[in-house]
Amino acid sequence: MMVSPLLEVVGLRKNFGGVQAVDELNLIVAPGELVGLIGPNGAGKSTALDLISGFRRCTGGTIRFAGNEIQDWPAYRVSDSGLMRTFQSPREWARLTVMENMLIAAKGSGHIGALKSLFSRREIAEFERRGRDEARAFLRRFELFQVRDEFAGNLSGGQKRLLEFARISMAKPRMVLLDEPLAGVNPVLQEKILEAILDLNRDGVTVLLIEHNLSWVEKACARVVVMALGRDIATGTMGEHRADRAVIDAYLGEVAAK
């Protein structure tokens, strides 16, 4: 039986003045997949994620998520629909504690005012207690429980990246877009982050991953899309890409030369 895509991008375009950053990009991700998105610097990968997640408006094309056209939706509405993203540099609420960051990320926390109008104080207290219990469990899982009362801005770069994954897990998205999650972290932490990505996927979260560390992409992703000059130029396994002259010329030859 044919499975409908969770994310479908058709003819996506983005112009910045006379520069075509994304040029007729086509991309399909099925529910439960963990798909890699690779390509040289300037290929348009991060811009594509900005467009899909609602942080930028596209010049043209269609973005469908869970059957809805979302290319004109603002970022908060895209996130509320279950499609979330990370950035190349972790973003946290620096003057809130680690625990407070987690509680804000909890699904439904943004509607606490509406909840208070519908439920008793006891029911609201139970909702908040369950949220704290769940946050503690995720903080232990990501080895952040011991810093739960620290301001998030005081964490190391690696800890901030782990907090990002803990918050994503707390929010329970249907799909997450990861923009170079291994960038700037040490090899030991890279192992933890890769395991966190695989855990998210095993928990049923669909993942689209941008990453320049191709050995990690090969470990994590059964299917990899290659972008160059704003377009998708190939889809397949990393093994298939190594034998594809267009991919070698556009990207893999550049990587091997470094």
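**Sheet pairing and helix packing**

In this predicted model, strand 6 pairs with strand 7 (residues 175–179) in the parallel sense, over 3 bridges. Within this pair, arginine 85 has leucine 177 of strand 7 as its bridge partner.

Strands 6 and 7 belong to an open sheet of 6 strands with mixed pairing, arranged in the order 6-7-8-3-9-10. The edges are occupied by strand 6 (83–85) and strand 10 (231–236); each has a single partner strand, so one side of each is left without a neighbour in the sheet. On average, and with direction ignored, neighbouring strands of the sheet are turned by 20 degrees against each other.

Two helices were examined against this sheet. Helix 1 (residues 45–52) lies across strand 3 (34–38), strand 6, strand 7, strand 8 (206–210) and strand 9 (223–228). Relative to strand 7, helix 1 runs at about 150 degrees. Helix 7 (residues 187–202) also packs on the sheet, where it touches strand 3, strand 7 and strand 8. The direction of helix 7 makes about 150 degrees with that of strand 8.

A contact between helices is formed by helix 3 (residues 98–105) and helix 6 (residues 157–171), whose axes come within 8 Å and cross at roughly 35 degrees. The crossing of helix 3 past helix 6 is right-handed. Helix 3 contributes Val98, Asn101, Met102 and Ala105 to the contact, and helix 6 contributes Leu163, Ala166, Arg167, Met170 and Ala171. By class, the residues of this contact comprise 7 nonpolar, 1 polar and 1 charged.

Key: Residues are numbered from 1 along each chain as its sequence is written. This is a predicted model: local features need pLDDT of at least 70, side-chain atom pairs count only at pLDDT 80 or more; totals for chains, interfaces and linings use all residues. Side-chain values use heavy atoms; hydrogens and water are left out. Two strands pair if DSSP finds at least two bridges between them. Helices (H or I, at least four residues) and strands (E, at least two) are DSSP runs, numbered from the N terminus. Axes are lines fitted to C-alpha atoms, for helices over the stretch in contact, and angles run from 0 to 180 degrees between N-to-C directions. Contact means heavy atoms within 4.5 Å. A crossing is left-handed if the near helix is turned anticlockwise from the far one by less than a right angle, and right-handed if clockwise. Ala, Val, Leu, Ile, Met, Phe, Trp, Tyr, Cys and Pro count as nonpolar, Asp, Glu, Lys and Arg as charged, and the others, Gly among them, as polar.
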